[in-house]
Amino acid sequence: MELLKEVLTKKLLLPSDVVSGDMLITLTENKEALIENYKGLITYEPTCIVVKGKHTTLTITGTRLNIKYFTNDDMKIEGCIQCIEYIH
């Protein structure tokens with residue numbers, strides 16, 4: 001199955017994160033994080049936000065963290081981001 005995904009990704013020129021369902025994170029300095037392809041929210045506090053992905057868990061720590069918006073596909077986190085950690 002993994003080989004099929006790789007072949008389709010290359011042949012159709014699809015981004016690998018779309019095919020595999022991995023989270024995609026875009027940072028703007030240490031002030032904003034746009035997270036795409038997430039599955040759920042585990043923890044939401046002003047100093048720690050934990051997001052569940054298909055294959056990994058993402059922990060964002062900092063100060064004044066706030067979820068600016070979220071949809072079924074993406075979310076934007078604002079605040080002073082100090083650390084981002086992936087846990088498999």
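Which residue is the bridge partner of L24 in β2? In this predicted model, the bridge partner of L24 is E36. This pair belongs to the contact between β1 and β2 (residues 32-36), two strands that run antiparallel and are joined by 5 bridges.

**The sheet**

The pairing of β1 with β2 forms part of an open sheet of 6 strands. The strand order is β1-β2-β6-β5-β4-β3, and the pairing is antiparallel. The edges of the sheet are occupied by β1 (24-28) and β3 (40-45); each has a single partner strand, so one side of each is left without a neighbour in the sheet. On average, neighbouring strands of this sheet are turned by 40° against each other, direction ignored.

At the edge held by β3, the partner strand is β4, and the two pair in the antiparallel sense over 5 bridges. Together β3 and β4 form a hairpin, with 2 residues between them. Within this pairing, L41 stands opposite V51 in β4.

**The nonpolar core**

V51 is also among the residues with the most contacts inside the largest nonpolar core, along with I35, L58, I60, M75 and I77. This core has 14 residues. The elements that give two or more residues to the core are β2, β4 (48-52), β5 (57-70) and β6 (74-87). Its largest share, 4 residues, comes from β5.

The surroundings of I77 illustrate how distant parts of the sequence meet. Leaving aside neighbours within four places in sequence, I77 is in contact with K31, E32, A33, I35, I49, I60, L65, N66 and I67. Two of these partners, I35 and I60, are named with I77 among the residues with the most contacts inside the core.

**Residues in loops and one in a strand**

Four individual residues merit separate description. Their places and relative accessible areas are set out below.

| Residue | Place | Relative accessible area |
|---|---|---|
| T56 | loop between β4 and β5 | 10%, buried |
| N37 | loop between β2 and β3 | 28%, partly exposed |
| E29 | loop between β1 and β2 | 61%, exposed |
| R64 | strand β5 | 64%, exposed |

Is T56 buried or exposed? T56 is buried, with a relative accessible area of 10%, although its place is in a loop, the one between β4 and β5. The side chain of T56 reaches the backbone oxygen of I87 at 2.9 Å. Not counting residues up to four places away in sequence, T56 touches M23, V51, Y86, I87 and H88. The list includes V51, which was named above as a residue of the core.

N37, in the loop between β2 and β3, is partly exposed. The side chain of N37 reaches the backbone oxygen of D22 at 2.9 Å. The C-alpha atoms of N37 and M23 are separated by 4.8 Å, while the two residues are 14 residues apart along the chain. M23 is also one of the residues that T56 touches.

The remaining two residues are described by their backbone angles. Most residues other than glycine have a negative phi. In E29, however, phi is near 50°, a positive value. Phi of R64 is likewise positive, near 50°. E29 is found in the loop between β1 and β2, whereas R64 lies in strand β5. With relative accessible areas of 61% for E29 and 64% for R64, E29 counts as exposed, and R64 is exposed as well.

Technical notes:
Residues are numbered from 1 along each chain as its sequence is written. This is a predicted model: local features need pLDDT of at least 70, side-chain atom pairs count only at pLDDT 80 or more; totals for chains, interfaces and linings use all residues. Side-chain values use heavy atoms; hydrogens and water are left out. Two strands pair if DSSP finds at least two bridges between them. Axes are lines fitted to C-alpha atoms, for helices over the stretch in contact, and angles run from 0 to 180 degrees between N-to-C directions. A nonpolar core is a set of buried Ala, Val, Leu, Ile, Met, Phe, Trp, Tyr and Cys residues joined through side-chain atoms within 4.5 Å. Buried means under 20% relative accessible area, exposed over 50%, partly exposed in between (1.4 Å probe, protein chains only). Contact means heavy atoms within 4.5 Å. A polar contact is a pair of N or O atoms within 3.5 Å; within protein, one must be able to donate a hydrogen and the other to accept it, and residues adjacent in sequence count only if both atoms are side-chain atoms.
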